[in-house]
Amino acid sequence: MNQVKTTVNTQEDIQGRIPEYPVPYEYPTVDDIKNVLNRVCGYYESTSPQKIINTETGEEITDFSSLNERARVSRGFSSEWSYTHGVVLSAFAYIDDVTGDKTFFANNARFYDFVIKHLPYFRKNAEIYGKKASGWRNVIDMHALDHCGSIGAAMIKTYLKDENDDYLELINIVEDYISNKQFRLKDGTLARHRPQYQSLWADDLYMSVPFLANMGVLTGDNEYFDDAVKQILQMADRLFVPEKELFDHGWNVTSGD
(Lines give C-alpha, C1' and ligand atoms only; values in the text may rest on other atoms or scores of the structure.)
Protein backbone atom coordinates (compact mmCIF):
# COMPACT_ATOMS: atom_id res chain seq x y z
CA MET A 1 0.00 0.00 0.00
CA ASN A 2 2.78 2.39 0.95
CA GLN A 3 4.49 1.65 -2.35
CA VAL A 4 1.34 2.53 -4.29
CA LYS A 5 0.96 5.78 -2.36
CA THR A 6 4.56 6.74 -3.09
CA THR A 7 4.02 6.11 -6.79
CA VAL A 8 0.91 8.28 -6.84
CA ASN A 9 2.69 11.10 -5.04
CA THR A 10 5.58 10.87 -7.48
CA GLN A 11 3.22 11.15 -10.44
CA GLU A 12 1.54 14.17 -8.83
CA ASP A 13 4.94 15.78 -8.31
CA ILE A 14 5.80 15.21 -11.96
CA GLN A 15 2.49 16.73 -13.10
CA GLY A 16 3.21 19.79 -10.98
CA ARG A 17 6.52 20.31 -12.71
CA ILE A 18 5.15 20.31 -16.26
CA PRO A 19 5.54 23.87 -17.59
CA GLU A 20 2.75 25.72 -19.33
CA TYR A 21 3.93 26.73 -22.80
CA PRO A 22 2.39 29.77 -24.52
CA VAL A 23 2.31 27.77 -27.76
CA PRO A 24 0.57 24.42 -27.28
CA TYR A 25 2.35 21.30 -28.50
CA GLU A 26 -0.29 19.90 -30.78
CA TYR A 27 -0.25 17.97 -34.02
CA PRO A 28 -0.38 20.72 -36.68
CA THR A 29 -2.99 20.82 -39.39
CA VAL A 30 -2.15 21.46 -43.04
CA ASP A 31 -3.44 25.01 -42.68
CA ASP A 32 -1.31 25.53 -39.55
CA ILE A 33 1.79 24.51 -41.47
CA LYS A 34 0.90 26.69 -44.45
CA ASN A 35 0.34 29.69 -42.18
CA VAL A 36 3.76 29.28 -40.58
CA LEU A 37 5.47 28.84 -43.95
CA ASN A 38 3.75 31.95 -45.31
CA ARG A 39 4.89 33.95 -42.27
CA VAL A 40 8.46 32.75 -42.79
CA CYS A 41 8.32 33.63 -46.48
CA GLY A 42 6.88 37.06 -45.75
CA TYR A 43 9.57 37.80 -43.21
CA TYR A 44 12.28 36.57 -45.56
CA GLU A 45 11.11 38.82 -48.38
CA SER A 46 10.97 41.82 -46.04
CA THR A 47 14.60 41.56 -44.93
CA SER A 48 16.17 43.25 -47.96
CA PRO A 49 15.11 45.22 -51.05
CA GLN A 50 17.86 43.41 -53.05
CA LYS A 51 19.39 46.57 -54.47
CA ILE A 52 22.88 47.94 -55.00
CA ILE A 53 23.42 51.04 -52.92
CA ASN A 54 26.02 53.75 -52.35
CA THR A 55 27.04 53.29 -48.69
CA GLU A 56 28.10 56.93 -48.44
CA THR A 57 24.78 58.41 -49.59
CA GLY A 58 22.42 55.48 -49.00
CA GLU A 59 21.02 55.95 -52.48
CA GLU A 60 20.38 53.12 -54.93
CA ILE A 61 22.90 52.74 -57.74
CA THR A 62 21.27 52.08 -61.09
CA ASP A 63 24.02 53.22 -63.46
CA PHE A 64 26.74 50.57 -63.63
CA SER A 65 28.68 52.11 -66.50
CA SER A 66 31.30 53.42 -64.04
CA LEU A 67 32.76 51.79 -60.95
CA ASN A 68 32.03 53.02 -57.45
CA GLU A 69 34.16 52.21 -54.42
CA ARG A 70 31.13 52.70 -52.18
CA ALA A 71 28.89 50.27 -54.02
CA ARG A 72 27.53 47.47 -51.84
CA VAL A 73 24.65 45.04 -51.75
CA SER A 74 21.75 46.29 -49.64
CA ARG A 75 21.78 44.84 -46.14
CA GLY A 76 19.42 42.07 -45.16
CA PHE A 77 19.23 38.29 -45.07
CA SER A 78 17.66 37.81 -48.50
CA SER A 79 20.62 39.60 -50.12
CA GLU A 80 23.35 37.57 -48.43
CA TRP A 81 25.64 35.06 -50.09
CA SER A 82 25.87 32.90 -46.96
CA TYR A 83 25.50 29.32 -45.84
CA THR A 84 22.44 30.19 -43.75
CA HIS A 85 20.76 31.70 -46.80
CA GLY A 86 21.54 28.51 -48.67
CA VAL A 87 19.67 26.50 -46.03
CA VAL A 88 16.57 28.64 -46.54
CA LEU A 89 16.72 28.53 -50.34
CA SER A 90 17.06 24.73 -50.28
CA ALA A 91 13.98 24.66 -48.05
CA PHE A 92 12.09 26.87 -50.51
CA ALA A 93 12.94 24.46 -53.33
CA TYR A 94 11.65 21.57 -51.21
CA ILE A 95 8.45 23.41 -50.30
CA ASP A 96 7.86 23.95 -54.01
CA ASP A 97 8.23 20.20 -54.56
CA VAL A 98 5.79 19.33 -51.79
CA THR A 99 3.13 22.01 -52.19
CA GLY A 100 3.45 23.23 -55.75
CA ASP A 101 3.17 26.78 -54.42
CA LYS A 102 5.60 28.79 -56.58
CA THR A 103 5.68 31.72 -54.17
CA PHE A 104 8.56 30.22 -52.20
CA PHE A 105 10.74 29.07 -55.08
CA ALA A 106 10.34 32.44 -56.83
CA ASN A 107 12.69 33.79 -54.15
CA ASN A 108 15.42 31.42 -55.31
CA ALA A 109 15.39 32.64 -58.88
CA ARG A 110 15.07 36.25 -57.72
CA PHE A 111 18.18 36.02 -55.54
CA TYR A 112 20.42 34.09 -57.92
CA ASP A 113 19.40 36.30 -60.85
CA PHE A 114 20.29 39.29 -58.68
CA VAL A 115 23.75 37.84 -57.97
CA ILE A 116 24.47 36.84 -61.56
CA LYS A 117 23.42 40.26 -62.85
CA HIS A 118 25.65 42.29 -60.52
CA LEU A 119 28.59 39.99 -59.77
CA PRO A 120 30.59 41.11 -62.87
CA TYR A 121 30.33 44.72 -61.66
CA PHE A 122 31.64 43.81 -58.22
CA ARG A 123 34.46 41.76 -59.72
CA LYS A 124 35.60 44.85 -61.60
CA ASN A 125 35.23 46.96 -58.47
CA ALA A 126 37.41 44.48 -56.56
CA GLU A 127 40.12 44.67 -59.24
CA ILE A 128 40.34 48.44 -58.86
CA TYR A 129 39.53 49.06 -55.21
CA GLY A 130 40.40 45.74 -53.58
CA LYS A 131 38.35 42.81 -52.34
CA LYS A 132 37.08 44.70 -49.29
CA ALA A 133 35.32 47.11 -51.61
CA SER A 134 33.24 44.45 -53.29
CA GLY A 135 29.77 43.05 -52.82
CA TRP A 136 29.46 39.33 -52.06
CA ARG A 137 33.12 39.24 -51.06
CA ASN A 138 32.84 35.54 -50.19
CA VAL A 139 32.15 34.78 -53.86
CA ILE A 140 35.05 36.86 -55.13
CA ASP A 141 37.41 35.79 -52.32
CA MET A 142 36.22 32.22 -51.71
CA HIS A 143 38.38 30.52 -49.10
CA ALA A 144 36.11 28.36 -46.92
CA LEU A 145 33.37 25.78 -47.33
CA ASP A 146 31.08 28.17 -45.45
CA HIS A 147 31.41 30.54 -48.41
CA CYS A 148 30.08 28.19 -51.03
CA GLY A 149 28.84 24.71 -50.07
CA SER A 150 25.32 25.35 -48.76
CA ILE A 151 24.50 28.32 -51.00
CA GLY A 152 26.02 26.45 -53.95
CA ALA A 153 23.89 23.36 -53.30
CA ALA A 154 20.76 25.51 -53.29
CA MET A 155 21.90 27.09 -56.55
CA ILE A 156 22.11 23.67 -58.20
CA LYS A 157 18.63 22.80 -56.91
CA THR A 158 17.39 26.06 -58.39
CA TYR A 159 19.11 25.37 -61.70
CA LEU A 160 17.59 21.89 -61.91
CA LYS A 161 14.16 23.51 -61.74
CA ASP A 162 14.54 26.60 -63.92
CA GLU A 163 17.53 25.57 -66.08
CA ASN A 164 18.99 29.07 -66.23
CA ASP A 165 22.35 28.41 -67.89
CA ASP A 166 23.66 31.71 -66.52
CA TYR A 167 24.04 29.92 -63.19
CA LEU A 168 26.50 27.35 -64.48
CA GLU A 169 29.61 29.53 -64.36
CA LEU A 170 29.18 30.20 -60.66
CA ILE A 171 28.19 26.61 -59.91
CA ASN A 172 31.40 25.47 -61.60
CA ILE A 173 33.46 27.98 -59.60
CA VAL A 174 32.05 26.49 -56.40
CA GLU A 175 32.71 22.97 -57.68
CA ASP A 176 36.32 23.83 -58.49
CA TYR A 177 36.84 25.31 -55.04
CA ILE A 178 35.40 22.35 -53.14
CA SER A 179 36.93 19.67 -55.35
CA ASN A 180 40.36 21.21 -55.97
CA LYS A 181 41.14 24.13 -53.66
CA GLN A 182 39.65 23.54 -50.22
CA PHE A 183 42.22 22.11 -47.81
CA ARG A 184 41.98 18.35 -47.26
CA LEU A 185 43.78 15.80 -45.14
CA LYS A 186 46.05 13.32 -46.89
CA ASP A 187 43.16 10.83 -47.20
CA GLY A 188 40.99 13.44 -48.94
CA THR A 189 38.84 14.44 -45.97
CA LEU A 190 37.78 18.09 -46.22
CA ALA A 191 39.35 20.01 -43.34
CA ARG A 192 40.27 23.44 -41.99
CA HIS A 193 43.24 25.10 -40.35
CA ARG A 194 41.05 26.59 -37.63
CA PRO A 195 40.70 26.71 -34.73
CA GLN A 196 43.78 24.50 -34.83
CA TYR A 197 46.01 23.07 -37.54
CA GLN A 198 44.35 20.29 -39.58
CA SER A 199 40.92 20.42 -37.94
CA LEU A 200 37.65 18.74 -38.86
CA TRP A 201 34.27 20.27 -38.09
CA ALA A 202 31.02 18.33 -38.12
CA ASP A 203 29.59 21.45 -39.80
CA ASP A 204 31.48 20.61 -42.95
CA LEU A 205 29.37 17.52 -43.57
CA TYR A 206 26.58 19.94 -44.40
CA MET A 207 28.90 22.44 -46.05
CA SER A 208 30.14 19.83 -48.54
CA VAL A 209 28.04 16.69 -48.90
CA PRO A 210 24.81 18.28 -50.21
CA PHE A 211 26.76 20.23 -52.82
CA LEU A 212 28.72 17.17 -53.95
CA ALA A 213 25.56 15.04 -54.11
CA ASN A 214 23.74 17.69 -56.13
CA MET A 215 26.70 17.99 -58.49
CA GLY A 216 26.33 14.26 -59.04
CA VAL A 217 22.69 14.76 -59.92
CA LEU A 218 23.51 17.71 -62.18
CA THR A 219 26.34 16.05 -64.09
CA GLY A 220 25.62 12.33 -63.76
CA ASP A 221 29.27 11.89 -62.71
CA ASN A 222 29.61 9.29 -59.93
CA GLU A 223 32.86 10.92 -58.84
CA TYR A 224 30.84 13.47 -56.87
CA PHE A 225 28.72 10.82 -55.15
CA ASP A 226 31.90 8.91 -54.28
CA ASP A 227 33.45 12.02 -52.74
CA ALA A 228 30.26 12.72 -50.77
CA VAL A 229 30.23 9.19 -49.34
CA LYS A 230 33.95 9.43 -48.56
CA GLN A 231 33.39 12.61 -46.56
CA ILE A 232 30.65 10.99 -44.49
CA LEU A 233 32.64 7.84 -43.74
CA GLN A 234 35.99 9.50 -43.06
CA MET A 235 34.56 12.29 -40.92
CA ALA A 236 32.55 9.70 -38.99
CA ASP A 237 35.75 7.75 -38.33
CA ARG A 238 37.08 10.76 -36.43
CA LEU A 239 33.97 12.48 -35.10
CA PHE A 240 31.43 9.78 -34.26
CA VAL A 241 31.33 8.70 -30.58
CA PRO A 242 29.81 5.16 -30.61
CA GLU A 243 29.06 4.91 -26.89
CA LYS A 244 27.00 8.12 -27.06
CA GLU A 245 25.74 7.61 -30.62
CA LEU A 246 26.55 11.24 -31.33
CA PHE A 247 29.01 13.17 -33.46
CA ASP A 248 31.63 15.28 -31.76
CA HIS A 249 31.75 18.81 -33.11
CA GLY A 250 35.46 18.94 -33.82
CA TRP A 251 38.67 16.98 -34.25
CA ASN A 252 42.22 18.00 -35.05
CA VAL A 253 45.42 16.21 -35.92
CA THR A 254 46.63 16.39 -32.30
CA SER A 255 43.50 14.56 -31.12
CA GLY A 256 44.90 11.25 -32.34
CA ASP A 257 43.01 8.48 -34.12
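Me: Why is Ser46 called exposed?

Reply: In this predicted model, Ser46 has a relative accessibility of 53%. The label "exposed" asks for over 50%, so Ser46 counts as exposed.

Me: And where does Ser46 sit?

Reply: Ser46 belongs to helix H2, which covers residues 30–46. If you want a distance to go with that, the C-alpha atoms of Ser46 and Asp204 are 30 Å apart, with their positions 158 residues apart in sequence.

Me: OK, what makes Ile95 buried or exposed?

Reply: The relative accessibility of Ile95 is 11%. Buried means under 20%, so Ile95 goes down as buried.

Me: What does Ile95 touch, leaving aside neighbours within four places in sequence?

Reply: Leu37, Gly100 and Phe104. They count as contacts because heavy atoms come within 4.5 Å. Ile95 itself is part of helix H3, residues 83–99.

Me: How do you know that Asp141 isn't on that list?

Reply: The C-alpha atoms of Ile95 and Asp141 are separated by 32 Å, and the contacts named for Ile95 are Leu37, Gly100 and Phe104. Along the chain, Ile95 and Asp141 are 46 residues apart.

Me: Now the cysteines. Why is Cys41 called buried?

Reply: Its relative accessible area is 4%, and the cut-off for buried is under 20%, so Cys41 earns the label.

Me: What about Cys148, buried or exposed?

Reply: Buried: Cys148 comes out at 0% relative accessibility, and the label needs a value under 20%.

Me: How many disulfides does the structure hold?

Reply: Zero. A disulfide needs a pair of cysteine sulfur atoms within 2.5 Å, so a count of zero says that no pair meets that cut-off.

Me: Zooming out, how does the radius of gyration of the protein chain sit against that of a compact globule?

Reply: A compact globule of 257 residues would come in near 18 Å, but this chain has 23 Å. Along its principal axes, the C-alpha trace spans about 90 × 50 × 40 Å.

Me: What share of the residues is buried?

Reply: 38% of the 257 residues in the protein chain. As for the surface, the chain exposes about 15600 Å², with carbon and sulfur atoms supplying 52% of that.

Me: Which helices and strands are we talking about, in numbers?

Reply: Nine helices and six strands. On the contact side, take pairs of residues at least 6 apart in sequence: 63% of those contacts join residues at least 24 apart.

Me: And how far apart are the mean positions of the charges?

Reply: 5 Å, for 26 positive and 39 negative charges.

Definitions and conventions
Residues numbered from 1 in each chain as written. Predicted model: local features only at pLDDT ≥ 70, side-chain atom pairs only at ≥ 80, totals over all residues. Heavy atoms only, no water. Helix = DSSP H or I, 4+ residues; strand = E, 2+ residues; numbered from the N terminus. Rg over C-alpha atoms; globule rule 2.2 N^0.38 Å. Buried < 20%, exposed > 50% of the residue type's maximum accessible area, 1.4 Å probe, protein only. Areas by Shrake-Rupley, 256 points an atom, 1.4 Å probe, with all protein chains shown as cover. Lys, Arg positive; Asp, Glu negative; His and termini not counted. Charge placed at Lys NZ, Arg CZ, Asp CG, Glu CD.
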